Amino acid sequence: MKKIIAMCVLTLSLSVLMAQQPNVIVILTDDQGSTDVNCYGAKDLVTPNMDSLITSGVKFTQFYAAPVCSPTRASLLTGKTPQHVKITEVVNSEKPNDGLSNEEYTMAEMFKDAGYATAHIGKWHLGSSEDKQPNAQGFDYSFGHLGGCVDNFSHASYWQDGANYHDLYLNGGEIYRDGEFFPDMMLEEAKDFIVQNKNHPFFMYYALNVPHYPYQGSKEWLDYYNEKGVDYPRNLYAAFLSTMDDNIGNLIAKLESLGLKENTIIVFQSDNGYANTQRAHGGGGSSGPYRGHKGSLFEGGIRVPAAISWTKNIQPNQTRHQMAVTADWMPTLADLCGIELNKDDLDGKSLVPILKNENIKSLHDEYTWQYQKQKAVRKGDWKLLINPVIKDPYYKNTIKQKSPYFLVNLKDDIGETTNLAEKYPKKVKELETIFNKQNIRNHKRK
């Protein structure tokens, strides 16, 4: 009888302990421009729910992603640089072997090992073979599309002409729900998951496909922006962004109605800068004062809106100007949730010291990026781009220079307008050496 009582007490104690663990939701938006939310500078958008979320915690002004979708997602889920996990390009879902290796330890596996229920809702874009799908990477539940983008009503891939295919899956099985609006489907799936796990700690990766093209915002929002005289294609992009803002507000309202908001950590971030390809109508998004856009290693391609909120333990209306990167979220969330994590092989740094003290120096003294032939390295205020490209025909400020090097000091030239490479050749050499050392280190990793 004593053993039975002891077991009951232990079970109850563990249940109480687990109930006190914070829930975690990571909201990743898709192709949202560097300044495309009011609290980051947008004057012509309606984004009250994103603003409320961002200002309810800590907002970052120098937060970096990769320049395209898949590398950012790989970095988010592993706590490593895209180069480290060897995903520096967009994953091709039609190639079975392309994607995030199943040998990588993911954020979802970290939470699952800690007793959390785990869910992926939305876009994946890290591989379509069974061993690379969400359910094989630590997610108990998965709903969404495996590729880069879909039409939001037919759920057909919208990647390129002549290659469209149906792309909607539930736990690895293809499903058909023609005519239903995908962002609304995501919202309902997310709310159902929250309700089912309201008495148990959960981790949800809410990977939106908005405002990624095709721009399919609600008629109400499109009418609103047209009435305000917002020019094409900004009107299409804005309508889709405000539609997304409504859904984010609805998701947070569900947490509040269940009494879960106070003890839920919410991470918010865009995966890269805005797109201005032909399918994106030549643009619509904004990089504000920054140069570049999606696919570029200039600031407009990689500097993104990002924030973390936790009503119970993080004071609102805080801003941090230290440099931080996508890979930082995994060790940060481990520390906030009291989860043991081997950080020896991670590139990300726990941001907890910065969250606690705004005067602490940036945890990344240096950082590197690589996309196709483009390379970049930042150390302090100095940034070197190698083979920089803005190749989109819709962008007039195309890079035309004989030298492969473009050196800037971001403190003096946030718009990256003036190339200082010829003036400071020693700084060019110093930064290129840093990149090469990091590159060698990544190639030695398994």
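A cavity is a set of grid points, laid over the protein atoms alone, where a 1.4 Å probe fits but cannot get out. With that term in hand, the model above, which is predicted, can be examined from its enclosed spaces to its interior. A search of the whole structure finds two cavities of 30 Å³ or more. The largest cavity has a volume of about 100 Å³. Its lining comprises 16 residues, and those nearest the centre of the cavity are Ala65, Ala66, Pro82, Tyr367 and Trp369. Two elements, helix 3 (69-78) and strand 11 (366-371), each supply at least two residues of this lining. The greatest contribution to the lining comes from strand 11, with four residues.

Helix 3 also serves as a landmark for the next residue, Val85. This residue is found in the loop between helix 3 and helix 4 (107-113). Is Val85 buried or exposed? Val85 has a relative accessibility of 9%, and it therefore counts as buried, since the limit for that class is under 20%. Setting aside residues up to four places away in sequence, Val85 touches Ala74, Thr78, Lys80, Leu100 and Glu104. The C-alpha atoms of Val85 and Ser75 are 7.8 Å apart in space, while the two residues are ten apart in sequence.

The discussion now turns to strand 7, which spans residues 202-207. Six of the six residues in this strand are buried, and the strand is accordingly described as mostly covered. Both of its faces are covered. On one side the buried residues are Phe202, Met204 and Tyr206, and on the other they are Phe203, Tyr205 and Ala207.

Which strands pair with strand 7? One partner is strand 1 (residues 23-29), which pairs with strand 7 in the parallel sense over five bridges. Another is strand 3 (residues 117-123), and here the pairing is again parallel, over six bridges. Tyr206 takes part in both pairings: this residue is the bridge partner of Ile27 and also the bridge partner of Ile121.

These residues lead to the nonpolar interior. The largest nonpolar core has 53 residues, and those with the most contacts inside it are Ile27, Met204 and Tyr206. Among the elements that give two or more residues to this core are strand 1, strand 3, strand 7, helix 5 (182-196) and helix 7 (234-257). Helix 7 provides the largest share, eleven residues. Met204 illustrates how the parts of the chain meet. Not counting residues up to four places away in sequence, Met204 touches Val24, Ile25, Val26, Ala119, Ile121, Ala190, Phe193, Ile194 and Leu251. Apart from this core lies another, of 47 residues, which includes Leu76, Tyr116, Ala207 and Ile308.

Finally, the cysteines deserve attention. A disulfide is a covalent bond between the sulfur atoms of two cysteines. How many disulfides does the structure hold? The number is zero. Cys149, for instance, is in no disulfide, and the nearest cysteine sulfur, that of Cys69, is 7.9 Å away. Two sulfur atoms must lie within 2.5 Å to be counted as a disulfide, so a pair at a greater separation is not counted. Cys149 is nevertheless buried, with a relative accessible area of 2%. Cys337 is likewise buried, with a relative accessible area of 2%.

Terms used
Residues are numbered from 1 along each chain as its sequence is written. This is a predicted model: local features need pLDDT of at least 70, side-chain atom pairs count only at pLDDT 80 or more; totals for chains, interfaces and linings use all residues. Side-chain values use heavy atoms; hydrogens and water are left out. Buried means under 20% relative accessible area, exposed over 50%, partly exposed in between (1.4 Å probe, protein chains only). Two strands pair if DSSP finds at least two bridges between them. A nonpolar core is a set of buried Ala, Val, Leu, Ile, Met, Phe, Trp, Tyr and Cys residues joined through side-chain atoms within 4.5 Å. Contact means heavy atoms within 4.5 Å. On a 1 Å grid over the protein atoms alone, a cavity is a set of points where a 1.4 Å probe fits but cannot get out, and a pocket is an open set with protein on both sides within 12 Å along at least five of seven lines; lining residues have an atom within 4 Å of a point. Grid points are joined across faces, edges and corners, and a volume is the space filled by probe spheres set on the points.
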